[in-house]
2 protein chains.
Amino acid sequence: MEIIRTVELMKQYSRQAKLDGNTIGFVATMGYLHTGHMSLVKQARSECDKVVVSVFVNPVQFGPDEDLGKYPRDIKHDEVMLEEFGTDVLFVPDDDQMYPDGYSTYVQVEGIVASVLCGASRPGHFRGVTTVVAKLFNIVDPDISYFGQKDAQQAIIIEKMVKDLNMATKVRVMPVVRDEDGLAMSSRNKYLSSSQRHRALNIFCSLEKAKSLILKDVRNIDEIKKEMKMILVGAGNLSIDYIEILDAKDLGSIDKIKGDVLVAVAVHVDRVRLIDNLLVSCKNTRAQEHKSTCDMCS
Amino acid sequence: MEIIRTVELMKQYSRQAKLDGNTIGFVATMGYLHTGHMSLVKQARSECDKVVVSVFVNPVQFGPDEDLGKYPRDIKHDEVMLEEFGTDVLFVPDDDQMYPDGYSTYVQVEGIVASVLCGASRPGHFRGVTTVVAKLFNIVDPDISYFGQKDAQQAIIIEKMVKDLNMATKVRVMPVVRDEDGLAMSSRNKYLSSSQRHRALNIFCSLEKAKSLILKDVRNIDEIKKEMKMILVGAGNLSIDYIEILDAKDLGSIDKIKGDVLVAVAVHVDRVRLIDNLLVSCKNTRAQEHKSTCDMCS
């Protein structure tokens, strides 16, 4: 595996790889890699000639009171994992490479898609994400880029940016990867003590509850959110940032459950902010039993 | 000359041209082409295998009270000129191709470079310019893109966007092309009656005056601006939007003339807004006589 630290060398690599007739699969990460990231790398490996993974903790997507400084980092461990999964290039630029003195250009997706959910809770976050991803796309020039459904809103916003700005890359969104207990993989899980982690399992529990209700033909969104809240606040003692059920395609608000919906949750477990979501399709469904895969529910 | 009207076909053309080993030179225009545009096309023709010219009156860069609706258009005349200069592709997308329903992504260069001069007079203008140019760069995938020094601030902002977002294209900025009487070529000159045009000649006259003073070692900016104002308002009866003398590189304000400066003017000739500028280098100069090329001055 080649490790590249400068924008110029990364561009050179991609230019040459393309000239040699290779396709490039790209996974943009902030490092501290886990099985979730690796599902993206595996998919890239299976579809593309060259696999490029970037590790860059992007300062522009963190708010002033967020966890930029203490965001977990372990580049040696990341290198070992990436090597093991057949990565061709690890791109690890530093802040000066990505945002040299006087940097002042930003890419922003506006509208509902970027203003709900984490767009409301974390002002400027997605502007930072789209800016760095636009830059990385220009540097790496990928044929296919892989993102996780765990960050559902991020994936939708990046797809929108790619479409609106006529970017060349395809975007693939891969399913949420969960630990055996149901907790969605996240680098931020590292912050959790074992008792906090136990409380955090109620996130998935609440999502499974929502799915179960929807598949039982409950169509009233407030009713579903109320049940979710009971699990999150009641059983989990979690502080809710948001519980939302939105149109899965464009995150538009809906007055009752219909079509494909995204059930999305953000909570604070003490000082740790976690997000998770489930996509639920209720097209052409009739009432059915949903067997929850959440241990705590069953 | 091939005429392409859709984003998808334009992308296909460029992809194939690149696969065949061609370089692409690109000139983005709003049409109603004149000798100024053609100087860019000529340069592209001399440096690149394929020359692509876009004609698209970009609604997003016009303010609500500006001249979008009556901006001059003559695509048949444009076609003839482009054909004559050896253009390979004329790309003429319509609004729906560039901004389909629900479009919501914008590229913005922030900071001084975008907030002075026309950035102050035309809020949102450069956001519209960088957005459409970023899209066109992604669609056409040019090796070299050509812009005119006539729109000096636009050129600086596009260069900044390309650098900040790590875009692949090179940017070439070509000198202002003037009519024999000194008036800078502009599609908006069409709006001028002959008496208005005569008054507008004072724009170049004022710029030449500034150059002459600088080369005579005048270093006081207010003094130079005062002389320019006398020409513009006094002789020309023009309404001044701005007269500025700024650092030519980053449009930073300077307290006295030094290095390379941009002398920039925007005026209204009745209802027609015109801009013009001169780059003046006073590095290592000693006082020298400047022979004005402006007929009215001499």
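**Exercise 1. Determine which elements form the β-α-β unit that contains β2(B), and its handedness.**

Solution. Step 1: the unit consists of β2(B), helix α2 (residues 35-47) of chain B and β3(B), and it is right-handed. Helices (H or I, at least four residues) and strands (E, at least two) are DSSP runs, numbered from the N terminus. A crossover counts as right-handed if, with the strands pointing away from the viewer, the path from the first strand over the helix to the second runs clockwise.

The coordinates are those of a predicted model, in which local features need pLDDT of at least 70 and side-chain atom pairs count only at pLDDT 80 or more, while totals for chains, interfaces and linings use all residues. Residues are numbered from 1 along each chain as its sequence is written, and chains are lettered from A and ligands numbered from 1 in the order in which they are written.

Step 2: β2(B) and strand β3 (residues 50-55) of chain B pair in the parallel sense over six bridges. Two strands pair if DSSP finds at least two bridges between them. The bridge partner of B:F26 in β3(B) is B:V52, and that of B:T29 is B:V55.

Step 3: β3(B) also belongs to a right-handed β-α-β unit with helix α3 (residues 75-84) of chain B and β4(B). Here β3(B) pairs with strand β4 (residues 89-91) of chain B in the parallel sense over three bridges. B:V52 has B:V89 as its bridge partner in β4(B).

Step 4: β2(B) is joined by three bridges to strand β6 (residues 144-148) of chain B, and the two run parallel. In β6(B), B:Y146 stands opposite B:V27.

**Exercise 2. Find how many residues of strand β2 (residues 24-29) of chain B are buried, and do likewise for β3(B).**

Solution. Step 1: a residue is buried if 20 or more other C-beta atoms lie within 10 Å of its own, exposed if 12 or fewer, and partly exposed in between, with C-beta atoms placed from the backbone.

Step 2: six of the six residues of β2(B) are buried, so the strand is largely enclosed by the rest of the structure. In β3(B), six of its six residues are buried as well, and the strand is mostly covered.

Step 3: in a regular strand the side chains alternate between the two faces of the sheet. From β2(B), B:I24, B:F26 and B:A28 point one way and B:G25, B:V27 and B:T29 the other way, all of them buried. From β3(B), B:K50, B:V52 and B:S54 point one way and B:V51, B:V53 and B:V55 the other way, again all buried.

**Exercise 3. Locate B:Y32 and B:D141, and state the sign of phi for B:Y32 and for B:D141.**

Solution. Step 1: B:Y32 is found in the loop between β2 and α2 of chain B. Its phi is positive, about 50°, although B:Y32 is not a glycine. B:Y32 is buried, with 20 other C-beta atoms within 10 Å.

Step 2: B:D141 sits in the loop between α7 (125-140) and β6 of chain B. B:D141, also a residue other than glycine, has a positive phi near 55°. B:D141 is buried, with 20 other C-beta atoms within 10 Å.

Step 3: for contrast in burial, take B:R15, which lies in helix α1 (residues 7-19) of chain B. B:R15 is exposed, with 12 other C-beta atoms within 10 Å.

**Exercise 4. Test the length of helix α9 (residues 194-215) of chain B against 1.5 Å a residue.**

Solution. Step 1: the expected span of a helix is 1.5 Å times one less than its number of residues. Step 2: the 22 residues of α9(B) should therefore span 32 Å, and the end C-alpha atoms are 32 Å apart, which agrees. Step 3: α9(B) is followed by B:D217, whose phi is positive, near 75°.

**Exercise 5. Derive the relation between chain A and chain B, and describe the side of chain A that touches chain B.**

Solution. Step 1: chain A can be laid on chain B by a turn of 180° and a shift of 0.0 Å along the axis, with an RMSD of 0.0 Å. That is the relation of a two-fold axis. Copies are superposed by least squares on the C-alpha atoms of residues with pLDDT of at least 70 in both. In chain A, the C-alpha nearest the axis is that of A:V107, 2.3 Å from it.

Step 2: 21 residues of chain A are in contact with 21 residues of chain B, contact being C-beta atoms, placed from the backbone, within 7 Å. The elements of chain A that give two or more residues to this side are β5 (105-109), α7 (125-140) and α8 (152-164). The largest share, five residues, comes from β5(A).

Step 3: β5(A) pairs with strand β5 (residues 105-109) of chain B in the antiparallel sense over five bridges. The bridge partner of A:T105 in β5(B) is B:V109.

Note on methods. Contact = placed C-beta atoms within 7 Å. Nonpolar A, V, L, I, M, F, W, Y, C, P; charged D, E, K, R; others polar.
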